Amino acid sequence: MKHARATKPPVRADAGTAREWSPGRFLEEFPLYRVVDEEGRLLEGAELEIGEAELLALYRWMVLGRALDERMVTLQRQGRIGFYIGAIGEEATVFGAVAALQPQDWIFPSYREHGAAFMRGLPLTTFMANLFGNAGDIVQGRQMPCHETWAPGHFVSISSPIATQVTQAVGAAWAARIQGDDMVPIAFFGDGSTSAHDFHTGLNFAAVMKVPVIFACRNNGWAISTPSASQTISETMAQKAIGYGMRGERVDGNDLVAVWTATRRARQRAAAGEGPTLLELVTYRMEGHSTSDDPRAYRPAEVVEPWKRKDPIKRVQKLLTARGLLDEAGDAALRDEVRLQIQVALKEAEAFPPKAPVESLFEDVYAEPGWAQREQLAELKAAMAADPRVANPRHIEG
Amino acid sequence: MPVMNVIQAVNDALRVEMRRDPKVVVLGEDVGAFGGVFRATAGLQQEFGAMRVVDTPLAEGGIIGTAAGMALYGLRPVAEIQFADFIYPAFDQIVNEVAKFRHRSGGQYPCPITIRTPYGGGIKGGHYHSQSPEALFLHTPGLKVVVPSGPYDAKGLLLSAIRDPDPVIFFEPKRVYRAARGEVPEGEYLVPLGKAAVTRAGTQLTLIAWGAMWHEAEQAAKEAEAEGIDVEVLDLRSLQPLDIDAITASVKKTGRAVVVHEAPRTCGFGAELSALIQERCFLSLEAPVARVTGFDTPFPYTLEAEYLPRAPRILQAIRATLSY
């Protein structure tokens, strides 16, 4: 193994044995892995390992993800949902990675990987019901929008605290290993997460325990208003893998094919008992952190410009067009179809009653409600019966 | 029937459950080959192997995060936090993740882990080997909190905790780890969570305690008896779920209550018990509910005799409550 400890570590008695920091060194050691260039052309010597049908299917997923994000932001601006957080510009990191996994592999999401849940069968209507927090939401409106769960597709529940899913993915990988299951979990997180203790702890535990797991860092350049350069002075996120004794790879996160291929390799290695991999998926957050911030307050518009040329969807579109798999009419039809799909789902999602019943607040706290939950439910119902303002949100929202 | 101390009873419970259920795994710092700094996991790795008895790197947040992932996937992990004083790096995982998984996933991802941790003072452990942080976790819906006082309950409650569908924090009274000895049945038996034990029947005053302080409460009750005061002692055993019926039945009978805990007084569980008692037993009360607790200071090293709510201070509270 490349980073295995030498059996006889060299010893030196002279001064100056400390390792110097040399600018650029890690950018050279961790070159950006890319298969398709910004014009949709295969790089010289590169091979397309992904099948053409799958590529076309992934293109459709990316178009859907983008259209959905745009539509849901509008919905938030219209005041119909309270919050939205999307992945505009980062679609390849999500769809490319998940497509390279096996269906039994668990996904430990951050909060931008809704696309992963769709690929695993989460109906758009159910997702949108989560955005409305209405009675159609399978988590019963208990969390903010974009905190969905989809156990049928092994898409684990989302929480807002940063990087907590990293150590959890390690535990799931260990559990699968004990039971002899061919299951390689993936943990998604952002560049900001690499500063959090759960990132360090999770990578260290994974390497020490030699578990099959993939760490997918979507380095989109920003953690709300903080640029990744203020998050770490490491030249790459991938190099952090070395310190823990695992493999690290820097991947063009706007190249769907590169993400897919790198993730597939990481999965193969994990399944073969070769341990975890840290993938740094280099991409860019084209919009604000969420609908709650305006990026104009902290970054000039021109820094986004160069990334427009690197758009992950256009790149696949060009590749598909060049290979004769997509033409203008086909693309337009696909986009119409996606828009209609979103429109239909939205209509269905909005038709649910606005809230789950108050009982749902007291359920699932424990497997069986305790006396405190039972008494407090009765207390709340009596208060609601005595004065309807108790259940009227206008008295909170003002 | 074999006689065991608390550590041996914990060890026996883990062995019994690991033999019964292959999904039970143990993880923590030094729990493997060494068998834990208090020897609670001694011999387990030798019997069950390093895959099921896992020595982890030294990071409590990692231990609990990893245990959570194991539980989500279907295992029954029993994590050890070496001292309750070191549980705080895992606070986010426990409070924001483990406690909320079932609820926030709409029941799709329950997270049944057991966290064993030695707690409490009286061992010359100073600030960082003496704390009793139970109230911090009782303030978090979704968690269960269990505190045995002796070996029989330690084994029976731990077996119930591991099999419970919800996450349980299992505080072990390290001050009496070796001192508390008693008969412990072989094999499996369950002490249900949420059932207090009336360990001494009495008519004049209800003395409520748990864990190591239950021993002090019993001592105080014995001394009170010599003074002609008839005290009923309740060992809560489980703080969440709480046996509210046992508490109200006793206080309605005696009309007086004293609560003992070694954690600081402000927002300690005694505050909650006091509120519950006055809400439910107001018309039966002959005196205010008294609290005999640790003080609102960090846990001391030299002054721990003064700090701990031991029998002499409890006895004074009993007398004061009787003569109110």
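Partly exposed, as used in these legends, is the class between buried, which means under 20% relative accessible area, and exposed, which means over 50%. With that in hand, here are some close-up views of a predicted model.

**Figure 1. B:Glu47 and B:Arg19 meet through their side chains in a salt bridge.** The N to O distance here is 2.7 Å. B:Glu47 sits in helix H2 (residues 44–48) of chain B and B:Arg19 in helix H1 of chain B, so this pair ties together parts that are 28 residues apart in sequence. B:Glu47 has a relative accessibility of 35%, and therefore counts as partly exposed. Its partner B:Arg19 has a relative accessible area of 54% and is exposed. For a view in chain A, look at A:Arg34, A:Glu38, A:Asp252 and A:Arg315, which are joined into one network by salt bridges that share partners.

**Figure 2. Helix H1 and helix H7 of chain B are linked by the salt bridge of B:Asp12 and B:Lys155.** The side chains of B:Asp12 and B:Lys155 come to 2.6 Å, N to O. B:Asp12 belongs to helix H1 (residues 6–20) and B:Lys155 to helix H7, so far along the chain that 143 residues separate them. Are these two residues buried or exposed? Both B:Asp12 and B:Lys155 are buried.

**Figure 3. B:Glu17 and B:Arg163 form a salt bridge of 2.9 Å, N to O.** Because B:Glu17 lies in helix H1 of chain B and B:Arg163 in helix H7 of chain B, the pair ties together parts that are 146 residues apart in sequence. B:Glu17 is buried, at 1% relative accessibility. B:Arg163, in turn, is partly exposed at 24% relative accessible area. As background to these views, side chains of opposite charge can pair when their charged atoms come close. Over all chains, the structure holds 43 salt bridges.

**Figure 4. A:Phe189 and A:Phe199 make an edge-to-face aromatic pair.** A pair of aromatic rings is described by the distance of the centres and the angle of the planes. For A:Phe189 and A:Phe199 the centres are 5.5 Å apart and the planes 65° apart. A:Phe189 is in strand E2 (residues 186–190) of chain A and A:Phe199 in helix H7 (residues 197–209) of chain A, so the pair ties together parts that are ten residues apart in sequence. How accessible is A:Phe189? A:Phe189 has 0% relative accessibility and counts as buried. A:Phe199 is buried too, with a relative accessible area of 1%.

**Figure 5. B:Tyr152 and B:Tyr189 form a stacked aromatic pair.** Their ring centres are 4.6 Å apart, with 20° between the planes. B:Tyr152 comes from helix H7 (residues 151–163) of chain B, and B:Tyr189 from the loop between strand E8 (181–183) and strand E9 (197–200) of chain B, with the two residues 37 apart. B:Tyr152 is partly exposed, with a relative accessible area of 39%. B:Tyr189 is buried at 12% relative accessibility. The count of aromatic pairs over all chains comes to 20.

**Figure 6. B:Ala197 is a buried residue of strand E9 of chain B.** The relative accessible area of B:Ala197 is 15%. Which residues does B:Ala197 touch once its neighbours within four places in sequence are left aside? Its contacts are then B:Val233, B:Leu234, B:Asp235 and B:Arg237. Another residue to find in this view is B:Ala246, which is 49 residues from B:Ala197 in sequence and 8.3 Å from it in space, C-alpha to C-alpha.

**Figure 7. Chain B and chain A meet in a contact that takes 45 residues from chain B and 47 residues from chain A.** Together the chains bury about 3700 Å², 63% of it on carbon and sulfur atoms. One salt bridge is counted between chain B and chain A, with B:Arg280 and A:Glu375 meeting at 2.5 Å, N to O. There are also 21 residue pairs in polar contact across this interface. Elements giving two or more residues to the chain B side include helix H4 (91–98) and helix H10 (269–281). Helix H3 of chain B gives the largest share of that side, nine residues. By class, the side of chain B that touches chain A has 21 nonpolar, 16 polar and eight charged residues.

**Figure 8. One aromatic cluster brings together residues of chain A and chain B.** Its members are A:Trp106, A:Phe108, B:Tyr73 and B:Tyr109.

Note on methods. Residues numbered from 1 in each chain as written. Chains lettered and ligands numbered in written order. Predicted model: local features only at pLDDT ≥ 70, side-chain atom pairs only at ≥ 80, totals over all residues. Heavy atoms only, no water. Contact = heavy atoms within 4.5 Å. Buried area = accessible area lost by both parts, 1.4 Å probe. Salt bridge = Lys/Arg side-chain N within 4 Å of Asp/Glu carboxyl O. Polar contact = N/O pair within 3.5 Å; in protein donor to acceptor, adjacent residues only side chain to side chain. Helix = DSSP H or I, 4+ residues; strand = E, 2+ residues; numbered from the N terminus. Nonpolar A, V, L, I, M, F, W, Y, C, P; charged D, E, K, R; others polar. Phe/Tyr/Trp six-rings, centres within 6.5 Å; stacked < 30°, edge-to-face > 60°. Buried < 20%, exposed > 50% of the residue type's maximum accessible area, 1.4 Å probe, protein only.
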